[in-house]
Amino acid sequence: FKINMDEIEVQGELGKGNYGSVQKVYHRPTGVMMAMKEIRLELDESRLTSIIMELDILHRAVAPEIVEFYGAFTIESCVYYCMEFMDAGSLDTLTAVRVPEAVLRRITAAIVKGLRFLKDELQIMHRDVKPTNVLMNRKGEIKLCDFGVSGQLEKSLAKTNIGCQSYMAPERIKGESQNQLSTYTVSSDVWSVGLSIIELAKGCYPYPPETFANVFAQLQAIVYGPAPTLPHGYSADAHDFVAKCLLKDPNARPTYAQLLQHPFLLADQNADIDMASWVAEALSRRAAKGVISPVVPLAA
Ligand code: ATP
Ligand code: MG
């Protein structure tokens with residue numbers, strides 16, 4: 001089916017990113033609650049149309065670890081992108097308290113499976129793995145969103161966006177600074193997985209901006225400094241897994257198949273983990289801190 005704006009009721013804002021905002025919306029014809037991302041682009045009609053056509057591959061991106069795509073349309077110079085609403089929000093807001101290893105493992109396994117699916121089934125790499133792009137719901141499901149399906153869209157967004165929280169692999173930062181666009185491969189996503197896991201475990205971005213004089217110094221640290229490590233209290237397997245993801249040499253990093261065979265993730269296979277309860281606890285901790293719900297109500 002095709003979605004258009006007339007059939008949509010905006011419920012409130014779920015969050016803002018570098019390129020636009022994400023709204024919680026109700027789609028009247030289907031009765032489905034969705035998340036709608038608005039991306040402002042200064043592009044002509046024909047380019048917008050080709051982005052919409054490219055986004056169509058997303059209809060094939062159906063897997064338990066991938067946020068479902070419902071459809072996209074354009075209005076003026078904006079692309080609107082409708083996807084599954086994930087009612088627990090993104091990983092970055094779920095980490096108030098120490099994450100138990102079994103939970104960390106389950107989340108990591110989902111991320112790696114999702115990335116393997118994208119690579120094996122759709123021949124795409126994610127290009128933007130980070131905690132805000134890993135979403136959860138109250139059922140305890142863990143899914144990836146915002147992967148690079150549309151070359152046109154990527155190009156239009158690829159500005160000087162190396163912000164103060166970069167999850168880019170060292171080789172990608174180096175390439176970018178030398179204006180080479182294709183110096184990175186699927187193993188660059190593996191680096192971002194490692195960094196995201198540490199952030200989840202520590203509750204903060206592993207290269208804290210306040211410890212660097214400026215963004216340049218921070219990027220230098222990512223490229224040339226020692227890789228960050230998991231905090232104490234996690235198993236040797238967990239430490240080893242993360243260390244391998246964060247190897248400076250991209251060719252030395254494990255493939256997804258190898259990561260799934262790593263003892264850290266093998267231990268997840270038959271584990272009985274109540275993710276729904278963990279999510280419920282994380283949400284109530286977040287509520288206790290004053291954030292009532294992931295939805296910011298619209299002003300009346
Ligand atoms: P960037 O712009 O660099 O990609 P970002 O991922 O934080 O950063 P958005 O993708 O615009 O920016 O998302 C903004 C926020 O909206 C996210 O942090 C996330 O918490 C929330 N969000 C995005 N998609 C959904 C969804 N499908 N369900 C629920 N919340 C979502
Ligand atoms: Mg995002």
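## Serine 90 and strand β6

Strand β6 covers residues 89-90, and serine 90 is part of that strand. In this predicted model, serine 90 has a relative accessible area of 14%, so it counts as buried. The cut-off for that class is under 20%.

Two kinds of neighbour can be listed for serine 90. Its side chain makes a polar contact of 2.5 Å with the side chain of aspartate 92. Beyond four places in sequence, serine 90 touches Pro131, Thr132, Val134 and Leu135.

## Overall fold and dimensions

The protein contains 10 helices and 9 strands. Its C-alpha trace spans about 55 × 45 × 40 Å along the principal axes. The radius of gyration is 19 Å, in agreement with the value near 19 Å for a compact globule, because the chain has 300 residues.

Of the 300 residues, 48% are buried. Among contacts with a separation of 6 or more, 66% are between residues 24 or more positions apart.

## Surface and charge

The exposed area of the protein is about 14700 Å², and 53% of that area comes from carbon and sulfur atoms. The protein carries 30 positive and 35 negative charges, and the mean positions of the two sets lie 3 Å apart.

## Two residues with positive phi

Most residues other than glycine have a negative phi. Glutamate 76 has a positive value, with phi near 50°. Aspartate 146, also not a glycine, has a positive phi of about 60°.

Glutamate 76 sits in the loop between β4 (69-75) and β5 (78-84). Its relative accessibility is 74%, so glutamate 76 counts as exposed; the cut-off for that class is over 50%.

Aspartate 146 is placed in the loop that runs between β8 (142-144) and α3 (151-157). The side chain of aspartate 146 is joined to that of lysine 37 by a polar contact of 2.8 Å. With neighbours within four places in sequence set aside, the residues in contact with aspartate 146 are Lys37, His126, Asp128 and Asn133. Lysine 37 thus appears both in the polar contact and in the contact list of aspartate 146.

## Lysine 24 in strand β2

Strand β2 takes in residues 20-27, and lysine 24 belongs to it. Lysine 24 counts as buried because its relative accessibility is 18%, against a limit of under 20%.

Lysine 24 and alanine 88 are 64 residues apart along the chain, and their C-alpha atoms are separated by 12 Å.

## Helix α6

Helix α6 is formed by residues 215-224, and its buried residues are Gln218, Leu219, Ala221, Ile222 and Val223. These buried residues pack against two other helices, α4 (170-177) and α5 (186-202). At the start of α6, asparagine 214 places a side-chain oxygen within 3.1 Å of the backbone nitrogen of phenylalanine 216.

Glutamine 220 is also in α6. With a relative accessible area of 35%, glutamine 220 is partly exposed, whereas Leu219 and Ala221 in the helix are buried. From glutamine 220 to alanine 276 the C-alpha distance is 39 Å, for a sequence separation of 56 residues.

## Serine 235 ahead of helix α7

The loop between α6 and α7 (236-245) holds serine 235. Serine 235 has a relative accessible area of 27% and is therefore partly exposed.

The side chain of serine 235 takes part in two listed approaches. One is a polar contact of 2.5 Å with the side chain of glutamate 101. The other is to the backbone nitrogen of alanine 238, which the side chain of serine 235 reaches at 3.1 Å. Between serine 235 and glutamate 42 there are 49 Å from C-alpha to C-alpha, and the two residues are 193 residues apart in sequence.

Technical notes. Residues numbered from 1 in each chain as written. Chains lettered and ligands numbered in written order. Predicted model: local features only at pLDDT ≥ 70, side-chain atom pairs only at ≥ 80, totals over all residues. Heavy atoms only, no water. Helix = DSSP H or I, 4+ residues; strand = E, 2+ residues; numbered from the N terminus. Rg over C-alpha atoms; globule rule 2.2 N^0.38 Å. Buried < 20%, exposed > 50% of the residue type's maximum accessible area, 1.4 Å probe, protein only. Contact = heavy atoms within 4.5 Å. Areas by Shrake-Rupley, 256 points an atom, 1.4 Å probe, with all protein chains shown as cover. Lys, Arg positive; Asp, Glu negative; His and termini not counted. Charge placed at Lys NZ, Arg CZ, Asp CG, Glu CD. Polar contact = N/O pair within 3.5 Å; in protein donor to acceptor, adjacent residues only side chain to side chain.
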